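Visitor: Please take me on a close look at one part of this model, the pairing of charged side chains. I would like to follow it step by step, with the surroundings filled in as we go.

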Amino acid sequence: MQIRRVLGAGVASLILVAAVAALPRAASAETAPVSPPAAPTIEQRLANLEAYVTNGVPDAAGGALAATSGPGHNGWLMVCTALVLFMTLPGLALFYGGLVRRKNVLSVLAQCFGCAGLVTILWWAVGYSLVFSKGSGYLGGLGFAMFSGVTAAPNGDYAAWVSQNVFAMFQMMFAIITPALIVGAIAERMKYAAVMAFIALWMFVVYFPLAHMVWGIDGVMNGVWNATAKIQAIDFAGGTVVHMSSGWSALVLCLILGKRTGFGKRAFMPHSLVLTAVGTGMLWVGWYGFNAGSAVAADGISANAFVATTLAAAIASVVWPVLEWITRGKPTVLGFCSGVVAGLVVITPASGFVTAGGAVLIGVAAGVVPFLACTKLKAIFKYDDALDTFGVHGVGGTLGALLTGFLASIDANANLKTNLASLVGNGLWIEQLKAIGVTLVLSVVGTAAIAYAVKALIGLRPSVEVEENGLDGGDHGESGYHGDETGHGGLQSLGKASAMSASEALDTAHLVA
């Protein structure tokens, strides 16, 4: 028994001595300096510099360039962001403002400004996240809500060299102009409060889901980048997302809203084609940011989109007034303006996917088909699409989406080889038809549901008296044109605005003119 105790004590002592002896080594191992990561080689640095210049994917081990945005690409997209905002304010505002009667010019401008403010708030809160955060194939998640994690670092899902916060601002401008386009169909007869309520709901029901389906990295219709997309369609800059959605929604909304008071019984003439022409020029300039900027880099694809945009707009601006000359005896300034916008609309989904030859064909089609929609289709069915939003954007966007399927070329955009090599030139148009169908159903059904909901809650139209006197006074207590300088911006009391009869307003307008 004694021997066992002695042996046990000896063993315990040996264990204790061994543990004490090991302590300095463990401490030494814990405090040993960590070897710094190997510095990137010259070859890695040069490879990342080459990737920057060619808009390639950087090597994560390639030094500082791997963890930052590229100044040239970033600068280009910031310019494009400003250009796309320039399309809405003041481009679209002036384009639409000149086409309405003078008593409604401020109402159109207010609706465009309202879109800019409202959509910006929604985009920051959840919109950007619902479109560009990963989620399901139909809607993004909330990972980027309130711009959480949206920093100056690039998001590699969408751009290798552009800061994600710049990318978010660029895409926000598309979200702003899309509902603003709808304003053209319902101009002069929808209350400002109803317009804003409709747009707020429409963004969630139509725009955010559709934009994610088409442009989200896991979107169900993102044929270029999502290898598992159920519909392998393509849309470079918004044929379905922007123009089809707004155009078809505009048609449904104007039908539910009803015609303007006096429509078909008296002429509703544009009050200033000068403003419309100036707005058209601004739209054309801004559209370079819209289309060429959608490459999200200053690269060869952006250059191709720049050329295609120019050709299509210029050709359609000739074709439309030539058709007027043939059918009506004279080419009109409004025809030039309409042709420019139609050309820009139809080329939008194809701009980064077609060659110069394809752009020429699209320009011709853009000058003919929307012209027939605005002059013949509208006359046959007698719907009151006040400023031809459906004829130009709905019909034009649909036409552009379909033609993209026929004319897309790997020569214009090598990214088409990523997931669509077997479809380009061999049935891509069928995928485009599927995307057109989804867009049409979502836009029509969503718009109808929202319009009837808003109508039930707050009503859509002003009173006949307010409509006849003009929405400038009825909604905003102002007038765009006035004969004296009393009051800032022609500000008048709502009581005076309501009391002014249509004939008095017309007399005043004649005196001012």
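Guide: Happy to. A helix here is a DSSP run of H or I with at least four residues, and helices are numbered from the N terminus. Please keep in mind that this is a predicted model. By that definition the protein chain has 18 helices and zero strands.

Let's begin inside a single helix. Glu431 and Lys434 both belong to helix H14, which covers residues 428-457, and they sit three residues apart, about one turn of the helix. Their side chains meet in a salt bridge, with 3.1 Å from N to O. The two partners differ in cover: Glu431 has a relative accessible area of 9%, so it is buried, whereas Lys434, at 39%, is partly exposed. Buried means under 20% here.

In general, side chains of opposite charge can pair when their charged atoms come close. Across the whole structure, a search finds nine salt bridges. Some of these reach between parts far apart in sequence. Take Arg260 and Glu188, whose side chains meet at 2.8 Å, N to O. Arg260 is in the loop between helix H7 (239-257) and helix H8 (273-291), and Glu188 is in the loop between H5 and helix H6 (192-215), so this salt bridge ties together parts that are 72 residues apart in sequence. Both ends are under cover: Arg260 is buried at 8% relative accessible area, and Glu188 counts as buried at 3%.

Next comes Arg189, whose side chain forms a salt bridge with that of Asp384 at 3.8 Å, N to O. This pair also links distant parts of the chain, 195 residues apart: Arg189 is in the loop between H5 and H6, and Asp384 is in the loop between helix H11 (356-381) and helix H12 (389-407). Arg189 is buried with a relative accessible area of 0%, and Asp384 is buried with 2%.

Now put these pieces together. Arg101, Glu188, Arg189, Arg260 and Asp384 are linked in a network of salt bridges. Arg101 has an aromatic neighbour as well: it lies over the face of Phe268, at 4.0 Å from the ring centre. Arg102 lies over a ring too, the face of Tyr481, at 5.0 Å from the ring centre.

Helix H5, which comes before the loop that holds Glu188, has an aromatic pair worth a glance. The ring centres of Phe170 and Phe174 are 5.0 Å apart and their planes are at 70 degrees, so the pair is edge-to-face. These residues are four apart in H5, separated by about one helical turn. Phe170 is buried at 0% relative accessible area, and Phe174 is buried at 1%.

For the wider setting, buried residues make up 52% of the 513 residues in the protein chain. Among contacts with a separation of 6 or more, 73% are between residues 24 or more positions apart. The chain exposes about 21,900 Å², and carbon and sulfur atoms supply 70% of that area. As you turn the model, you can set the pair in H14 beside the linked network of five residues, Arg101, Glu188, Arg189, Arg260 and Asp384.

Notes
Residues numbered from 1 in each chain as written. Predicted model: local features only at pLDDT ≥ 70, side-chain atom pairs only at ≥ 80, totals over all residues. Heavy atoms only, no water. Phe/Tyr/Trp six-rings, centres within 6.5 Å; stacked < 30°, edge-to-face > 60°. Helix = DSSP H or I, 4+ residues; strand = E, 2+ residues; numbered from the N terminus. Buried < 20%, exposed > 50% of the residue type's maximum accessible area, 1.4 Å probe, protein only. Lys NZ or Arg CZ within 6 Å of the ring centre and 35° of its normal. Contact = heavy atoms within 4.5 Å. Areas by Shrake-Rupley, 256 points an atom, 1.4 Å probe, with all protein chains shown as cover. Salt bridge = Lys/Arg side-chain N within 4 Å of Asp/Glu carboxyl O.
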